[in-house]
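Colleague: I would like to learn how to read a model like this one. Could you take me through some of its features?

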Amino acid sequence: MSLLDVRDLRIAFGARTVVDGVSFTLEAGEKLALVGESGSGKTVSAFSLLRLLPDAKLAGSVQFDGRDVLTMDDTAIQQLRGKDIAVVFQEPMTALNPVLRIGAQIAEAITLHEGLAKAAAWQKAIAALARVGIPQPEQRAQSFPHQLSGGQRQRVMIAMALACKPRLLIADEPTTALDVSLRQQILELLDDLRRETGMAILLITHDLNLVRRFADRVAVMERGHLVEQGDTQSVMLAPQHPYTQKLVASRPQRTVGPAGTGLVLSADKLSVDYSVPGKGLRGWFQRQHFRAVSEVSLQLAPGETLGVIGESGSGKTSLAMALLHLHGSQDKVHGEIRVGDATWRTADRAAQRRLRRIVQVVFQDPLSSLSPRRTIEQIVGEGLEIHEPALNAEARRMRVEQALRDVELTEAGEVAPLLARYPHEFSGGQRQRIAIARALVLKPQIVILDEPTSALDVTIQQQILQLLARLQSQLGLSYVLVTHDIDVVRAMAHRVMVMKDSQVVEAGTLDDVLGAPRSDYTKMLVASAG
Amino acid sequence: MNDASLVSAAASASAAPAPAATSPLRASPGRRAWQRFRRNRLALVCLMLLGALVFISLFAELLSNDKPIVVRHNGHYYFPIVQTLPETTFGGDFETPTDYLDPFIREQLAQGDNFAIFPLNPYHHSTINYFSKEPNPAAPSADNWLGTDDRGRDLLARLIYGFRVSIFFAIVVATLCTLLGVLYGAIQGFFAGWTDIAMERFGEIWGSMPQLYMLIIFSALFARSLGLLIVLLVAFDWLLISAYVRAEFLRNRALDYVRAARALGQSRRRIMFRHILPNSLTPVITLVPFMMVGTISALTSLDFLGLGVPPDTPSLGELLSQGKANLDAWWISLSTFVVLVGTLLLLVLVGDALRDALDPRKQLEGAP
């Protein structure tokens, strides 16, 4: 008998069915990955195994160790939660209680399920922390969540989940919020613990690289349906269902042309100092500076893409904002940024405005980068109002429509019906196209792309990258592509710059840096991207 | 990775039992909020009722007045509601303005072809019924439907005019507070840093002044008037609005759409008013009905204490204090209580529904 046997699971919220007829089984000690894009119902399915969604209407059957989870009473399911089935959430900062010491949080779970005394539970909590590789667990148990790093917090979450030796661990995107270098460690940790205790792991993810490396079996979900399942090797190598084929083939393909020659943008020994409040009493009067970018130099040719890779906190976004002259008013930028013949520093207001036209930007999250209360025409046309005030409304609309056509955002071949709509009426990929259109309508020479695809699903990501590559070759655009994703850099960049702790670790052409990395850090990045 | 938002969207969708009748997708955010508001039947009825009452109260002079709307006397037509006519016009002895409730004048107007069309309730809020059959305060009767107060003034007329004064006082105070608070909070939140700190400290000092003492001091210094009350209430109540707007501006200024506007070269003023302001007004709009409730309550309690409007102004608070002074005249306290509670209840129910309709967590509903 299987440890977990899900048969014909159906989940509905009100009148809307989000999961329809999902069946799978999980044996003890097995690693199953539930894969799908956002909205596919993978998280809802997994949370329903513990009946964690109070508003959901569940049908079908979920047998855990021969007992039906869906029909058992509330006391029984509370016994099951945490004890037999544990969950590791995606975002460790929000899943941990910020005002409780981590030792106490783990001990609480132990007291609850094993009825141990406080001191004994505390000892077990320390042991659990030691097991997940937290150094100095006795001291660390006294820490609050904010005092730990992201990777440590995720380890604490895992320690908490494993404290009661569950037989099934549900890991919901356990590494998505972490940097690449930590992902590998967390996965290895999970695998070690699985071998030790013989528990089964249900991994929920959208990341196929993760699945390839981790799971024994994989189940692919699309819009509430389970379209394919099988062992990882065969599904990844020979996908049967068209959706799985699309998913497996969605690894970014390189379609960019060769770069031009010349120089459109250069930075010489660029440093960015963030202004932060000082410590103690003096902080009331003095502000201290934190160096976010230190002495970075770069050159960008027409039609060229410079990929800037780094983890969160490496200074890559600060660099992008400095290139755009969008740093905070109290932050200091040292060094020279030249855009064509001009520099930001020496430009007066009118000249800065002219520079804004040349350097444009596309942000990571298309939902927050579009004002929710303005129509598409207003959003895309805004730049024209500023930079070409002579245009009348009709001419401006023509330009906006042209920009939307350029980014291939049409409805049944028509652009006009889209103009009066609001951003919420579009999907994530369409919104990113609108953001690109807003940048393009000004006919810029340089576009700074700040993680342009990391908020999008893999299949959409591929479309946006192809669009960016086509626009580059058609319009001769130069890109500064800021990302943490090596696959994206591989698909887009001509030259690469690797940043770590505000410094440039390695820079050069794509083949040199990613083909034959010299620094340890780059080697690790390349290895972990698989 | 977006499944969490899907879950909450689905959860909120199921929380509201009735799904959208019309597609909420093809509409501006404001329109979608209105559609959500409309789904709350009770609030919609309350809003319409409140709107009707406010509208009707605008024409209080036609509803409750001691001057007839039209008079025909000896072949001449008069419009006393807009004309001041001496008593001699209708055969009286004096050059003073006519008292149309005087039995002698009534008699004159009933002779032959003469007629007078009185408003529904033939008393103005200042009319003293000298011809009442009972001593004041008089109980409800055919003459005075809700009775009279202790000075012989018709209670219904006092209530109609008192309601009008209260509601328009609240509208004026809420509008001024909103304007001042939005401007102050917007400057604070947008410029942040030292500007914010300095303005925040000023706001704290200002807010720590004892409002009631100030009112007592000022009502001693100046003649009591509605204008003075408006100034004094606005002077302290805007702080609440500015705190909300400041927080919204601080949040919104860091969002990417503001950075995108800066990257386009948009001017600071335009960014403030065109991009951040419309996205920061939600909590303000939610607050307005509750602010009006607070203002009406404040006006009523000040009047009750005798610190409020000038003595001859019709006021609900003054009626309540009369009710307290004349406990045996139950009709004074009861009818004032009903009007006051009714008004406040309507406002609260509307405000409550507005808050639900503008709840950001429900914005996700029906999103793609």
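Modeller: We will go from confidence to domains, then to a sheet, a helix and a single residue.

Colleague: Let's start with trust. What are the ipTM and pTM of the model?

Modeller: Keep in mind that this is a predicted model. The ipTM is 0.77 and the pTM is 0.79.

Colleague: And what is the mean pLDDT of chain B?

Modeller: Chain B has a mean pLDDT of 85, with 90% of its residues at 70 or more. Residues 1–24 of chain B fall below 50, although this stretch has 48 contacts in the model beyond near neighbours in sequence. Residues 363–368 of chain B are also below 50, and there the model shows 15 such contacts.

Colleague: Next, domains. Into which domains is chain A divided?

Modeller: The assignment gives chain A a domain 1 at 4–205 and a domain 2 made of 302–328 + 341–529. Their C-alpha centres are 37 Å apart. Seven residues of domain 1 of chain A and 10 residues of domain 2 of chain A take part in the contact.

Colleague: Which domains does the assignment give for chain B?

Modeller: Chain B has domain 1 at 68–118 and domain 2 at 156–362. The centres of these two domains of chain B, taken over C-alpha atoms, are separated by 45 Å.

Colleague: Which residues of chain B does UniProt list as "transmembrane region"?

Modeller: The unreviewed UniProt entry lists 44–63, 167–192, 212–245, 276–309 and 329–354 of chain B. You can set such a record beside the model. Residues 44–63 of chain B are 95% helix and 0% strand, with the end C-alpha atoms 26 Å apart. For residues 329–354 of chain B the values are 96% helix and 0% strand, and the end C-alpha atoms are 39 Å apart.

Colleague: Where does UniProt place the "domain: ABC transmembrane type-1" feature?

Modeller: That feature, again from an unreviewed entry, is placed at residues 163–351 of chain B. In the model this range is 85% helix and 0% strand, and its end C-alpha atoms are 19 Å apart.

Colleague: Now a sheet, please. How do I read the order of its strands?

Modeller: In general, the strands of a sheet pair through backbone hydrogen bonds, and the pairing is parallel or antiparallel. Here, four strands of chain A make an open sheet in the order β2-β1-β4-β5, with antiparallel pairing. β2 (16–26) and β5 (67–68) of chain A are at the edges with a single partner strand each, so one side of each has no neighbour in the sheet.

Colleague: How many bridges join β1(A) to β2(A)?

Modeller: Seven bridges join β1 (residues 4–13) of chain A to β2(A). One pair to find on screen is D5(A) with its bridge partner T25(A) in β2(A). The two strands form a hairpin with two residues between them, and G14(A) in the turn has a positive phi of about 60 degrees. β1(A) is also joined to β4(A) by seven bridges, and R7(A) is opposite S61(A) in β4(A). Finally, β4 (residues 57–64) of chain A pairs with β5(A) over two bridges, where F64(A) has R67(A) as its bridge partner.

Colleague: Is there another hairpin to practise on?

Modeller: Try β19 (residues 495–500) and β20 (residues 503–509) of chain A, an antiparallel pair with six bridges. V496(A) is opposite G508(A) in β20(A). This hairpin has two residues between the strands, and D501(A) takes a positive phi near 50 degrees.

Colleague: And a helix? How far does α17(A) reach from its first C-alpha to its last?

Modeller: Helix α17 (residues 458–475) of chain A has 18 residues and reaches 26 Å, close to the 26 Å expected at 1.5 Å a residue. Its buried residues include V458(A), I460(A), L465(A) and L468(A). The buried residues of α17(A) pack against several elements of chain A, among them α11 (242–248), β13 (305–310) and α16 (428–440). Just after the helix, G476(A) has a positive phi of about 65 degrees.

Colleague: Last one: is G41(A) buried or exposed?

Modeller: The cut-off for buried is 20 or more other C-beta atoms within 10 Å. G41(A) has 27 within that distance, so G41(A) is buried. This residue lies in the loop between β3 (31–35) and α1 (42–48) of chain A. Leaving out residues up to four places away in sequence, G41(A) touches V18(A), V19(A), M221(A) and G224(A).

Note on methods:
Residues numbered from 1 in each chain as written. Chains lettered and ligands numbered in written order. Predicted model: local features only at pLDDT ≥ 70, side-chain atom pairs only at ≥ 80, totals over all residues. Buried ≥ 20, exposed ≤ 12 C-beta atoms within 10 Å, placed from the backbone. Contact = placed C-beta atoms within 7 Å. UniProt positions renumbered as here; feature names shortened; annotations may be inferred. Expected span 1.5 Å × (residues − 1). Pairing = 2+ DSSP bridges. pLDDT = per-residue confidence, 0-100. Domains from an automatic or database assignment.
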